[in-house]
Amino acid sequence: MTRLLIVILCAALGFCARADYRILFLNTPDIEIGGKTLKVNDTFKDGAPIKWTSGRQAMKVVDTKTREKMVLLADDFSKANASSLEVYLARTKAESGASATAPMSSLASYLNKHFYLLGSLEIETGVPTDDRHYFFISYSHSGHEITKAVPNDNGTFTITPGIFFFNGRLPENDVRVKVYYCDKNADKVTTVCDNMRIEILPKKIE
C-alpha cells in the first residue's frame with residue numbers, strides 16, 4: 001500500500017510540474033490542443049497533444065511561469081516526430097531566448113541562428129539600451145542593402161515583418177540579417193552578428 005501511495009504521489013507531482021503555456025498569436029483562427037479548440041489567450045499544458053492542420057501552421061506562446069516566449073511551427077514538430085510541446089522541447093533542446101545576463105559575445109552566438117517571425121520577435125540582449133545605446137539591423141532585398149532602425153526598450157530590441165517591406169513587398173526567401181550595436185557616447189558601431197536568418201511565417205492561414 002505504501003509503495004502504491006508513493007507512485008500516486010510522484011505521478012501527481014509530475015503532473016503539477018508540467019508547464020502552462022498561453023497562446024499569444026496564431027496564424028489560423030484556432031488550434032486543437034489536448035482535444036480542445038483553443039484560440040489566442042487560451043492556455044494549455046506542455047504535455048497536451050497538438051493537432052496541426054497545415055505544415056506552415058504556427059503559433060507564438062509564452063511560458064506563464066518563466067515568461068519565456070517561443071514560436072512553434074507544425075513542420076518542426078513533424079521533423080521531431082513530436083506530438084506535444086513537452087516532447088518537442090525534450091527532443092530538440094530548443095533555445096527560445098537569450099539570457100538576460102548574456103554578454104555581447106554570448107548574444108552574438110545566440111543570434112547567428114534561424115528564427116521564425118510570427119507577429120513580432122523580441123530579443124532580450126542583456127545590454128542596456130537608450131537613445132544613445134541601441135541596436136539596429138541591415139539586410140539585402142532585391143539587390144539593395146537596407147539599414148533599418150528597430151524598437152529598443154529596456155535591453156530588448158524587436159523585429160516585425162513590416163521592417164522587411166521594400167517596394168511594397170516582403171522578401172520571398174529567408175532573410176539574412178546583420179545586427180549592430182551603436183554606442184553614440186563612444187562614437188562606435190559594433191557588428192554583433194552577420195548571419196541571423198529570419199523566416200517570415202504567414203500571418204494568416206485559412
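**Figure 1. The whole chain, seen from its surface inward.** The chain exposes about 11,800 Å², and carbon and sulfur atoms supply 51% of that area. (Accessible areas come from the Shrake-Rupley method with a 1.4 Å probe; for residues, only the protein chains shown count as cover.) Keep in mind that this is a predicted model, where local features need pLDDT of at least 70 and side-chain atom pairs count only at pLDDT 80 or more, while totals for chains, interfaces and linings use all residues. Residues are numbered from 1 along each chain as its sequence is written, and side-chain values use heavy atoms, with hydrogens and water left out. You'll find four helices and 15 strands here; helices (H or I, at least four residues) and strands (E, at least two) are DSSP runs, numbered from the N terminus. Of the 206 residues, 39% count as buried, meaning under 20% relative accessible area (exposed is over 50%, partly exposed in between; 1.4 Å probe, protein chains only).

**Figure 2. A look into the largest nonpolar core.** A nonpolar core is a set of buried Ala, Val, Leu, Ile, Met, Phe, Trp, Tyr and Cys residues joined through side-chain atoms within 4.5 Å. The largest one has 26 residues, and Leu 111, Ile 123, Ile 159, Phe 164, Val 177, Val 179 and Met 196 have the most contacts inside it. Among the elements that give two or more residues to this core are helix 4 (104-111), strand 14 (175-183) and strand 15. A second, separate core has 21 residues, including Leu 38, Leu 72, Ala 80 and Leu 85. Now zoom in on Phe 164: not counting residues up to four places away in sequence, its contacts include Leu 117, Ile 137, Tyr 139, Val 177 and Ile 198. (Contact means heavy atoms within 4.5 Å.)

**Figure 3. Strands 10, 14 and 15, side by side.** Strand 14 runs antiparallel to strand 10, joined by seven bridges, and antiparallel to strand 15, joined by eight. (Two strands pair if DSSP finds at least two bridges between them.) Tyr 134 stands opposite Cys 182 in strand 14, and Val 179 stands opposite Cys 193 in strand 15. In the hairpin of strands 14 and 15, four residues lie between the strands, and Asp 187 takes a positive phi near 50°.

**Figure 4. Two cysteines and a glutamate.** Cys 182 counts as buried because its relative accessibility is 9%, and Cys 193 counts as buried at 3%. How many disulfides does a search of the whole structure find? Zero, where a disulfide is a pair of cysteine sulfur atoms within 2.5 Å. Glu 199 sits in strand 15 (residues 188-200), and it counts as buried because its relative accessibility is 13%. Leaving aside neighbours within four places in sequence, Glu 199 is in contact with Arg 56, His 114, Phe 115, Tyr 116, Leu 117 and Asp 174.

**Figure 5. An open sheet of three strands.** The strand order is 3-2-5, and the pairing is antiparallel. Which strands are at the edges? They are strand 3 (36-38) and strand 5 (50-51), each pairing on one side only. Three bridges join strand 2 (residues 31-33) to strand 3, and Ile 31 has Leu 38 in strand 3 as its bridge partner.
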